[in-house]
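Reader: I'd love a close look at one part of this model, the open sheet and what packs on it. Could you then carry on from there to the cores, the aromatic pairs and the salt bridges?

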Amino acid sequence: MATVVSELEGILLRDPDPFAYFMLVAFEASGIVRFALLLLIWPVIRTLEALGKRDAALRLMIFVAVAGVHMSEIQSVARAVLPKFYMDDVNMDSWKAFSSYPRRVIVTKTPRVMVERFVKEHLLADEIVGSELAVNMFGYATGFVKDEKSPISGRAVRLLGDGGGGPVIGLGRLLSSYLPPCCQEILYPPYASEESPAEQHLRPLPVIFHDGRLVKRPTPFTALVILLWIPLGAIVAFIRIFIGLLLPLKLMPYMAPFLGGGMIVKGKPPSLPLAGHSGSSGVLFVCTHRTLMDPVVLSTALGRKVPAMTYSISRFSEILSPIPTVRLSRNRDVDAEMIKRQLEKGDLVVCPEGTTCREPFLLRFSALFAELTDKIVPVAMNYRVGFFHATTARGWKGLDPIFLFMNPRPIYEITFLNQLPAEVTCSGGKSPYDVANYVQRILAATLGFECTNLTRKDKYKILAGNDGTASYTSVGDQLKKVVCIFKPFIK
């Protein structure tokens, strides 16, 4: 069985420099102070590399990025944050050649814990060879690797020997020292795959769920821009939120350009509530779920406050919300009764995915909304940001609106579709699941997204290792969290 051994950096990933990924670990696992410190020593790292001391430069990066960080935090970042950025950097030509061999091994100069999940789950590697972080008795990384003499070649030889039985082909770079000496042949770019195009894995498995606050890979220049923007962005965010709480919703679309934001409305929204006379019920706006602000932006587009059914949002976010919110219990019977009562009062917003998804995929829609009304208006929501994501699975959700408005130019796109005709609702003989799947499909088609059967529990199991049920704390506990978050700035 032929085996391919490929370098990760510079071959399967286009960028040969892992600095940006260590910056991600520093930011997401430790905070902005370590992020700034790692950026500060970047000139030293480059100087060491220019002097031919690449191993010393790599060890310095590792030390500053992870020293004193608990391994559980590093593993969490490797599970939830890094795969998205690695996937964006995959070299598809190299991937096609790599995936055409039956047994695949990757060697990397990055600590194995950072890349193992990505290369095995998304690049379908059978084995990975990389350095191991040294950990103290309390589970914290010391910042050193276990073998300072780089055990990559020796371990790769043992792995390849255990799998034996065929030629070992290496995919590498000129002047590279990371491929093991047992490779019978080393190929250099451009690569020609061994199999016909029909037999190749045309794409790695996509990253559907990911976490972390940063939108862009923090290269040195991008990281510097982010650091310089954060103080100003925090001020801008609080100004935007304060003005948003003071002004009527009808004025916000006109004020958004002056505040640096944008709102693009497509389709024809209902201009007036359809409830209000005897025997009438409100319209149920069924939205895709991109951020916590979806119902607020929808109400802004309508020019009136429409209550929103919410799942796991923080008390802090509820306090800031300019529209009424109704907390769902995740008990089907109780929630159905609450939705019915709200619809008797007027229009209502619901996001049946139950949680946000950043990538161009829609999660499975709960069918509950289809059982309760036939007045359903699908609404496709999407947003664009520059620096920070406005959602989190691992962090404190109360900061979501702040991070959204910290972006230089947050833009929301709202597309109102036509109200569902009676024949495709439950009153027309369709099952609630058929209605939910139909709404999911038409919203996905509008946005150019893909439908999935993944759920909220799938997302949180992958990203946070729990079922996504929020635990609500007292106001005092939440204030303590705020103090902890801003403690580095106070020092």
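Author: Happy to. In this predicted model, five parallel strands make up an open sheet, and their order is β3-β2-β1-β6-β7. Its edges are β3 (127-129) and β7 (185-187), each of which pairs on one side only. On average, neighbouring strands of the sheet are turned by 25° against each other, direction ignored.

Look next at β1 and β2. Strand β1 (residues 3-7) runs parallel to β2 (residues 103-107), and five bridges join them. One pairing to pick out on your screen is Val-4, whose bridge partner in β2 is Arg-104. Helix α7 (residues 92-99) packs on the sheet, where it touches β1, β2 and β6 (168-171), and its direction makes about 135° with that of β2. Helix α8 (residues 112-121) lies across β2 and β3, and runs at about 155° to β3.

Helix α8 also brings us to charged side chains. Arg-112 and Glu-116 form a salt bridge, with the closest N and O atoms 2.3 Å apart. Both residues sit in α8, and because they are four residues apart there, about one helical turn separates them. The background is simple geometry: an α-helix has 3.6 residues a turn, so residues three or four places apart point the same way. Glu-116 counts as partly exposed, since its relative accessibility is 22%. The bridge belongs to a network of salt bridges that links Arg-112, Glu-116, Lys-120 and Glu-132.

That is the sheet and its helices; now for the wider setting. The chain has 19 helices and 16 strands. Of its 491 residues, 52% are buried. Among contacts between residues at least 6 apart in sequence, 75% join residues at least 24 apart.

As for the cores, the general tendency is that nonpolar side chains in soluble globular proteins are buried together. Here the largest nonpolar core holds 114 residues, and the members that touch the most others are Leu-38 and Phe-285. Helix α1 (residues 19-29) supplies the largest share of this core, nine residues. For α1, 11 of the 11 residues are buried, so the helix is largely enclosed by the rest of the structure. Among those buried residues are Phe-19, Tyr-21, Phe-22, Met-23, Leu-24 and Phe-27, and Glu-28 is buried there as well. After α1 comes Gly-31, which has a positive phi, near 140°.

Phe-285 is a good residue to centre your view on. Leaving aside neighbours within four places in sequence, its contacts include Pro-270, Leu-298, Leu-302, Val-306, Leu-348, Val-349 and Val-350. Phe-416 is also on that list, and so are the charged residues Arg-304 and Asp-347.

Let's follow the aromatic contact. The whole structure has 10 aromatic pairs. In one of them, Phe-285 and Phe-416 meet edge-to-face, 6.4 Å centre to centre and with 75° between the planes. The pair links distant parts of the chain, as Phe-285 is in strand β9 (residues 284-287) and Phe-416 in strand β15 (residues 411-416), 131 residues apart. Both of these Phe residues are buried. Elsewhere, Trp-229, Phe-387, Phe-388 and Phe-403 form one aromatic cluster.

Now the charged contacts of Phe-285. Asp-347 and Arg-304 form a salt bridge with each other, their closest N and O atoms being 3.1 Å apart. Asp-347 is in the loop between α14 (332-345) and β12, while Arg-304 is in the loop between α12 (294-302) and β10 (308-310), which puts them 43 residues apart. Under 20% relative accessible area is the cut-off for buried. Asp-347 is therefore buried at 6%, and Arg-304 also counts as buried at 15%.

In total, the structure has 16 salt bridges. One more deserves a visit: the side chains of Arg-358 and Asp-211 meet at 3.7 Å, N to O. Arg-358 lies in the loop between β12 (348-350) and β13 (361-362) and Asp-211 in the loop between β7 and α10 (220-246), so this salt bridge ties together parts 147 residues apart in sequence. Arg-358 and Asp-211 are both buried. The β7 that comes before that second loop is the edge strand of the sheet we started with.

Key. Residues are numbered from 1 along each chain as its sequence is written. This is a predicted model: local features need pLDDT of at least 70, side-chain atom pairs count only at pLDDT 80 or more; totals for chains, interfaces and linings use all residues. Side-chain values use heavy atoms; hydrogens and water are left out. Two strands pair if DSSP finds at least two bridges between them. Helices (H or I, at least four residues) and strands (E, at least two) are DSSP runs, numbered from the N terminus. Axes are lines fitted to C-alpha atoms, for helices over the stretch in contact, and angles run from 0 to 180 degrees between N-to-C directions. Contact means heavy atoms within 4.5 Å. Rings of Phe, Tyr and Trp (its six-membered ring) pair if their centres lie within 6.5 Å; planes under 30 degrees apart count as stacked, over 60 as edge-to-face and the rest as tilted. Buried means under 20% relative accessible area, exposed over 50%, partly exposed in between (1.4 Å probe, protein chains only). A nonpolar core is a set of buried Ala, Val, Leu, Ile, Met, Phe, Trp, Tyr and Cys residues joined through side-chain atoms within 4.5 Å. A salt bridge is a side-chain nitrogen of Lys or Arg within 4 Å of a carboxyl oxygen of Asp or Glu.
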